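Here are my notes for a colleague opening this structure without prior acquaintance. Please keep the sequence and the 3D view side by side while reading.

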Amino acid sequence: MILVSLTRILYSETSIKNPVLFEFFYTLALRILYILMVIHNSFADFVLFLYVHMAHADGDFHETELNLVREKMTKLYDSQEINLDLKLKEAIDQYIRFEKSDLNKLFHDTFDHFKTVKFAQKYKVYTDLYDIIKADGKIVDAETKALKELKEIIDINSEVSH
C-alpha cells in the first residue's frame with residue numbers, strides 16, 4: 001500500500017519523469033521501507049524490553065512481575081553504574097510508546113542484529129520470560145501466545161545462525 005502510494009507520488013505530473021531518476025528514488029524508497037528495525041544499543045536493553053513486553057502481555061503490569069523483572073535486571077546490568085529503577089521506567093515508557101503492530105518485526109530484526117549472542121543465552125532469556133508470566137500466579141492465553149511467538153523467533157534465529 002505504501003509502495004503503491006509512493007509510486008504514484010513519484011510518477012505524478014508534478015514529480016519525476018526521468019526514468020533514471022524515478023528508478024533511483026524508487027529504489028531508495030524501497031530501502032527506507034525495509035530498514036532493519038533495531039532500537040536498542042545493547043542486547044541487555046533489548047532483553048529488558050522483552051521482559052517489559054512479557055510483563056505486559058496480559059494487558060497489565062502486575063507488581064509481582066515487575067519485581068521479578070527488577071530482580072532479573074541485576075544480572076543484566078551492573079547496578080553500581082546504572083540506576084535500575086530509572087532504567088526500568090525508561091524501558092516501560094519506551095514499550096508503552098512503541099507501536100505494538102511493529103513488535104514482531106522489532107523482535108525478528110533485533111535478534112538478527114545480535115546474531116553473535118549464543119543460543120544458550122537466548123534460551124535463558126526465554127526461560128526468564130516464562131518466569132515473568134507466571135510470577136503473578138496465573139498464565140493467560142495472551143501471555144502464552146506472546147511467549148510462543150518469541151520462542152519461534154529465537155528458534156528461527158538460531159537456525160539461521162548455524
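1. The protein chain has eight helices and zero strands. Along the sequence the pattern reads α-α-α-α-α-α-α-α. Please bear in mind that this is a predicted model.

2. Next, the chain as a whole. It has 162 residues, and 36% of them count as buried. Its exposed area is about 10,100 Å². Carbon and sulfur atoms supply 57% of that area. Now take the contacts in the chain with a separation of 6 or more: 71% of them join residues 24 or more positions apart.

3. Which residues line the largest pocket? The lining consists of Phe43, Ala44, Val47, Tyr51, Lys72, Lys75, Leu76, Gln121, Lys124, Val125 and Asp128. Three elements give two or more residues each to this lining: helix H3 (43-55), helix H4 (63-76) and helix H7 (119-134). The volume of the pocket is about 150 Å³. By character, the lining residues divide into six nonpolar, one polar and four charged.

4. Look at His40 in the loop between helix H2 (19-33) and H3. Is His40 buried or exposed? His40 counts as buried because its relative accessibility is 6%, and the cut-off for buried is under 20%. Its side chain makes a polar contact with the side chain of Gln94, at 3.1 Å. Gln94 is also among the residues that His40 touches, once those up to four places away in sequence are set aside. The others in that set are Asp45, Phe46, Phe49, Leu106 and Phe114.

5. Turn to Val69, which sits in helix H4. Val69 has a relative accessible area of 0%, so this residue is buried. Which residues does Val69 contact, leaving aside neighbours within four places in sequence? They are Leu48, Tyr51, Ala55, Leu88 and Ile132. Leu48 is worth locating in the view: Val69 and Leu48 are 21 residues apart in sequence, and their C-alpha atoms are 7.9 Å apart in space. Tyr51, another of these contacts, also belongs to the lining of the largest pocket.

6. Ile92 lies in helix H5 (residues 84-97). With a relative accessible area of 15%, Ile92 is buried, because the limit for that class is under 20%. Beyond its neighbours within four places in sequence, Ile92 is in contact with Val52, Phe61 and Leu66. His56 gives another reference point for this residue. Ile92 and His56 are 36 residues apart along the chain, and 9.3 Å separates their C-alpha atoms.

7. Finally, consider Asp131 in helix H7. How does Asp131 count, buried or partly exposed? Its relative accessible area is 26%, so Asp131 is partly exposed: buried would require under 20%, and exposed over 50%. Not counting residues up to four places away in sequence, Asp131 touches Leu68 and Lys72. Asp131 and Leu68 are 63 residues apart in sequence, with 8.1 Å between their C-alpha atoms. Lys72, the other partner, is one of the residues lining the largest pocket.

Note on methods: Residues numbered from 1 in each chain as written. Predicted model: local features only at pLDDT ≥ 70, side-chain atom pairs only at ≥ 80, totals over all residues. Heavy atoms only, no water. 1 Å grid on protein atoms, 1.4 Å probe; cavity = no way out; pocket = protein on both sides within 12 Å on 5 of 7 lines; lining within 4 Å. Points joined across faces, edges and corners; volume = space filled by probe spheres on them. Helix = DSSP H or I, 4+ residues; strand = E, 2+ residues; numbered from the N terminus. Nonpolar A, V, L, I, M, F, W, Y, C, P; charged D, E, K, R; others polar. Buried < 20%, exposed > 50% of the residue type's maximum accessible area, 1.4 Å probe, protein only. Contact = heavy atoms within 4.5 Å. Areas by Shrake-Rupley, 256 points an atom, 1.4 Å probe, with all protein chains shown as cover. Polar contact = N/O pair within 3.5 Å; in protein donor to acceptor, adjacent residues only side chain to side chain.
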